[in-house]
Amino acid sequence: MTAAGAHQLRQGNFVHLADIKARSSAFISWERRRHRQAHWLVECIAEATGVFFYVFAGVGSTASYLLANTTGMNGIGSLYQIGIAYAFGIMFALIVCAPTSGGHFNPAMTIAFTIMGRCTPKKAVRYIIAQILGAYIACLLIYVQWKDLIQEATDLLEAAGTLDAVMFTANGPAGVFALYVPPGANLGRVFLNEFVCDFVIGLVIWSCLDPTNFSAPPAAAPWIIAFVYAVVVWGYSPVGVATNAARDVGCRLMALTIWGTAASGGTYAAISALTNIPATLLAAAFYECILADSSRVVTPAHADYLAGHAAHEEHSQRIIRGDGSVSPSLDGKSGEKTLEHV
């Protein structure tokens, strides 16, 4: 009999990459070592790379918009372009890197998964460090790539006598990387703006994680999540919105590296870095308690997705052992695999 909370998903006749693509003995040895000893490192690299994708896309687009306006090259960028760039960056992150790491790409998501028992505290710490590092590296590269125009914009602002007033604002060169709010902005309203936007994003993400949601099959999830971020950028970024602690902290650390403590952002830095965490946790609780329903049916697309992941895990264990034996996780009953708490 199946225990409560466990579901039986029939294991199909899966074709693994190893079945159709020949691998050298050296590569097989590396895969065995990777699965046995370096899997945590590979996952962290995937998390860092995922964050790199969307920061490189979004901040790069922001650079073209802000620096072009400052140097008089109007019409190169727009808020719409920035939203699309972040959307595509997030989509690329999920498509390219999520199969390896699980696709957190946000400390708030990692903390939520840890609280829910789906991520260990040790892994969470590694992931969060990797996420921040990915954003930091992306910003450093963008700075080098845009260095000439950044310097030109800085020189123009200094010649106009406005450098000190503009440099560390949303319209200044430092504002390409670190987030700032307009001088005199009401931080209470900025906090509300951030919290509501992050809550909405969290709800959409959790709906994509729901295996009973027929409207959000796994293949569509990257698009859905990408466009909720774009909507937030289009509608609410002028007020001040960060949406992700990794993007905010990593980029601000880069700004501090280049320009020193003047780039810190003051009180707003805490709002931009931390607000998305409680907002995401509240969104997860709201979805699980109000919108989710255990009586709903797991969709065929999600069932295939989950069974595929289970087959991957079983095959990985065989690689680690270096034999072709059947994984003990298989119960031996008609080739079915038990997945706890689908």
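**Exercise 1. Classify D155 by accessibility, then place it in its charge patch.**

Solution. D155 has a relative accessible area of 37%, so it is partly exposed. The classes are buried under 20%, exposed over 50%, and partly exposed in between (1.4 Å probe, protein chains only). This is a predicted model, where local features need pLDDT of at least 70, side-chain atom pairs count only at pLDDT 80 or more, and totals for chains, interfaces and linings use all residues. Residues are numbered from 1 along each chain as its sequence is written, and side-chain values use heavy atoms, with hydrogens and water left out.

Next, find the element: D155 sits in helix α8. Helices are DSSP runs (H or I, at least four residues), numbered from the N terminus. Now the neighbours. D148, E152, D155, E158 and D164 form a patch of negative charge on the surface. Patch members have over 30% relative accessible area and no salt bridge, and like charges are joined within 9 Å. Helix α8 (residues 147-159) gives the largest share, 4 residues.

**Exercise 2. Find the salt bridges and locate their partners.**

Solution. The whole structure holds 3 salt bridges. The criterion is a side-chain nitrogen of Lys or Arg within 4 Å of a carboxyl oxygen of Asp or Glu.

- Step 1. K123 pairs with E43 at 3.5 Å, N to O. K123 lies in helix α7 (residues 121-145) and E43 in helix α3, so the pair ties together parts 80 residues apart in sequence. K123 is partly exposed at 26%; E43 is buried at 10%.
- Step 2. R296 pairs with D210 at 3.9 Å, N to O. R296 is in the loop between α14 (276-291) and α15 (300-321), and D210 in the loop between α10 (187-209) and α11, so this bridge ties together parts 86 residues apart in sequence. R296 is partly exposed at 39%. D210 is buried at 9%.
- Step 3. D248 pairs with R252, with the closest N and O atoms 3.6 Å apart. The two are 4 residues apart in helix α12, about one helical turn. D248 and R252 are both buried.

**Exercise 3. Where do F105 and T243, residues with positive phi, lie?**

Solution. Start with the norm. Most residues other than glycine have a negative phi.

- F105 has phi near 55 degrees. F105 lies in the loop between α5 (98-101) and α6 (107-115). At 5% relative accessibility, F105 is buried.
- T243 has phi near 70 degrees. T243 lies in the loop between α11 (221-236) and α12 (245-259). At 12%, T243 is buried.

Note on methods. Patch = residues over 30% accessible without salt bridge, like charges linked within 9 Å, V, L, I, M, F, W, Y side chains within 5 Å. Areas by Shrake-Rupley, 256 points an atom, 1.4 Å probe, with all protein chains shown as cover. Lys, Arg positive; Asp, Glu negative; His and termini not counted. Charge placed at Lys NZ, Arg CZ, Asp CG, Glu CD.
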